[in-house]
Amino acid sequence: MRKNISGKQMLRTIWRPIVAVIAALIVSSLILTFFGYNITQSFGAIWEASFKSVRTFGNLMNNTCPLLFCGLSVAISYRGGVFNIGSEGQFLAGTIASCWVGIVGKSLPGALLIILMVMAGAFAGAIWAFVPGILKAKYDINEVITTIMFNYIALEIIGCLTRTIMRDASQADPQSYPIAKQAWMPYLVSGTKMNTGIVFAVVSAIVIYILLFRTPFGFEIRTCGYNKTASLYAGINVNWVIVKTMLISGGIAGLGGVMEVMGSSHYIFEKISNGFGYTGIAVSVLANNNPIGVILSALLFGFLKTGSSSMQRVMNASAQFTSVIQGVIIIFVAISASSNLMSFRKHGKKKAEHEKEEVKA
Amino acid sequence: MTFFLTSTIRMAVPLMIAALGLVLSERAGLMNIGVEGIMLLGCFFSFFTSYRTGNVWLGLLAGLAAGLVGSLVFAVCSITFKASQIVVGCAMNMLGSGLTAVMFRKYFMDQDVNGALSSSFQNMPIPLLSKIPIVGDALFNHNIIVYIGFILVAVVWFVMNRTSIGIKVIAVGEHPKAADSMGINVFRVRYLATAFSGLMMGLAGTYLAIAQSNTFQTDMTGGKGYIAMAVVVLGQWKPEGVLIGALIFGASNALQMTIQNSNLNIQYNLVLAIPYIVTVVAVLISGRKHIMDASAKGTPYIKS
């Protein structure tokens, strides 16, 4: 009996995102056609950017990793009823802090340096989320505005640092010194960009899943997200949960930044994030804020992101087209989550209710 | 000094116009964070039309229409389909940013970076008043959208405080169910409020594109839509408050520009961060009093 229900639920949770993605692909194809781009060639270019060879597959993994972290960051905050639009800034804070440690601690042994960098990055991300979190908890200040502003502030800070004290003068564009070699993430397959970061990302997703759905604290978070007033009556310290949710959310985004620095770029520059935090919102929404689902949707958006630049190269269509696909996907998911469209189960339910009422009458 | 005052007004106006629209839609119970993306649509279409036709007024119409269409997409999703307003807002931002970037690349790829210049609204000094020393040039020598913006403040104030429309909007935002039982069509009021706010976002975008800069750049709004949301909080959801709030933000932007133009040796990224920091501080100071914020904000109305 129980298995039956969870099977049905599985089907329902997977059914909606799939329909939404298909619908979004149709709409995006229409838009592409409208602007006179060849659909098969465009999607072909996107496909080849990820699945042409082992090397391109490494690019896909490399792009998926930060999206997975940012998606997790958004997922946990949305589960807690906090709209953290600030994963972007928290990610950047993580890159800055870990890169700083990675440059300063040149003489340290690799293992120690890696641990320090991870701690610094996660801490920086958490701090960057803590301020909006405490403002919301204490003064009821809308976290949407503050987290967005913190994104811009983080961006300006990284711009300032890479032009002044952290600037590597041997490079033409403003960027920081590289981090110490012993802190570089080992590559999983040599000759590709696939590094151990993706493993950490998947492990983090599982940990967050367990935290959210198998621990009392996760229960508190979800209860607060579902109904703040009820949580208050249940004796949950809602404000404290908000702050803790933001701390974890920011810490994970910061970890994403650490992995990006240690595994991929090895230095920081102004455009290091490339909108990962904002895409993280799409990743999380598509996965219905479920950490395990986030793994799959991060793969999808990583796939789109990887394909975007090759689409620009091959088709001359703006790489930003993936933003359009993302937006359309989110809209379809959001609509399907709140209305009866696309839902085959609710109709049955309603019918059952009607029948019940008739029986009563 | 005149430069500072002039830039204050120039930077304040787009925030003020967008915030005016947001006042109405937020009081009606809608949290539209898609303002950034919708403004971008307004930017691109006004620029595109003005560039192609050479007529700024057609550009203005196109910008308004783009804002209207963008806000209607938001309205259909969040009012009719009751989707989460914040999620849809995020999607609108991605759509706005993505679509305009795609179109800009498609139609203006051949131009070099600053090559594509459109015709734009010219300054219209008001006779006599603009001759007042220092203040005259700063206050009364602007393009027409600036004047329209200030007139709109009065118009929105009048509508919100002296007409039944204003009462309906507030009722719908505070307690949609009660409003419904009084015979107010909640959906229609919310749709109209969103449509008006869309027009304002389009106008703000138009101002940025063909009154302030004569050109379009990818993501040229640079967070101005979000700052407009902060202006609404700062202005306590009132048109007259929005006017003051926008001027404060305009001043912080003007300060940033003045510092950049001066010989002070401050790293320019730090200077660029000033408006964002001011936003956080301003929201912190004013955000504690939520009296005028709509109680039902962010929640869809489900008629049962």
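Axes are lines fitted to C-alpha atoms, for helices over the stretch in contact, and the angle between two of them runs from 0 to 180 degrees between N-to-C directions. The exercises below concern a predicted model.

**Exercise 1. Describe how α3(A) and α11(A) pack, and state which residues make the contact.**

Solution.
1. Two packed helices are described by the angle between their axes and the distance between the axes.
2. For helix α3 (residues 54–79) of chain A and α11(A), the angle is about 60 degrees and the axes lie 7 Å apart.
3. Angles of 65 to 115 degrees count as roughly perpendicular and those under 35 degrees as roughly parallel; α3(A) and α11(A) are therefore oblique to each other.
4. The crossing of these two helices, α3(A) and α11(A), is right-handed.
5. On the α3(A) side, the contact is formed by A:Pro66, A:Leu67, A:Cys70, A:Gly71, A:Ser73, A:Val74, A:Ala75 and A:Tyr78. From α11(A) come A:Phe276, A:Gly277, A:Thr279, A:Gly280, A:Ile281, A:Val283 and A:Ser284.
6. Sorted by class, this contact of α3(A) with α11(A) holds nine nonpolar and six polar residues, and no charged residues.

**Exercise 2. Give the packing geometry of α5(A) and α10(A), and the classes of the residues in their contact.**

Solution.
1. α5(A) packs with helix α10 (residues 238–265) of chain A at an angle of about 145 degrees, and their axes are 6 Å apart.
2. The handedness of the crossing of α5(A) and α10(A) is right-handed.
3. The contact of α5(A) with α10(A) comprises 20 nonpolar, nine polar and one charged residues.

**Exercise 3. Characterise the contact between chains A and B from the side of chain A.**

Solution.
1. Chain A contributes 36 residues to the contact and chain B contributes 40 residues.
2. On the side of chain A that touches chain B, the elements giving two or more residues are α5 (110–139), α6 (143–161), α11 (276–286) and α13 (321–338).
3. Of the elements on this side, α13(A) gives the most, with 11 residues.
4. By class, the side of chain A that touches chain B has 22 nonpolar, 11 polar and three charged residues.

**Exercise 4. Assess the overall fold of chain B: what are its secondary structure, dimensions and burial?**

Solution.
1. Chain B has 13 helices and two strands.
2. Its radius of gyration is 19 Å, close to the 19 Å that the globule rule gives for 304 residues, so chain B is as compact as a globular protein of that length.
3. Along the principal axes, the C-alpha atoms of chain B fill a box of roughly 60 × 45 × 40 Å.
4. Of the 304 residues in chain B, 53% are buried.
5. Among contacts in chain B with a separation of 6 or more, 78% join residues 24 or more positions apart.

Conventions:
Residues are numbered from 1 along each chain as its sequence is written. Chains are lettered from A and ligands numbered from 1 in the order in which they are written. This is a predicted model: local features need pLDDT of at least 70, side-chain atom pairs count only at pLDDT 80 or more; totals for chains, interfaces and linings use all residues. Two residues are in contact if their C-beta atoms, placed from the backbone, lie within 7 Å. Helices (H or I, at least four residues) and strands (E, at least two) are DSSP runs, numbered from the N terminus. Ala, Val, Leu, Ile, Met, Phe, Trp, Tyr, Cys and Pro count as nonpolar, Asp, Glu, Lys and Arg as charged, and the others, Gly among them, as polar. Angles under 35 degrees count as roughly parallel, over 145 as roughly antiparallel, 65 to 115 as roughly perpendicular and the rest as oblique. A crossing is left-handed if the near helix is turned anticlockwise from the far one by less than a right angle, and right-handed if clockwise. The radius of gyration is taken over C-alpha atoms; the globule rule is 2.2 Å times the number of residues to the power 0.38. A residue is buried if 20 or more other C-beta atoms lie within 10 Å of its own, exposed if 12 or fewer, and partly exposed in between; C-beta atoms are placed from the backbone.
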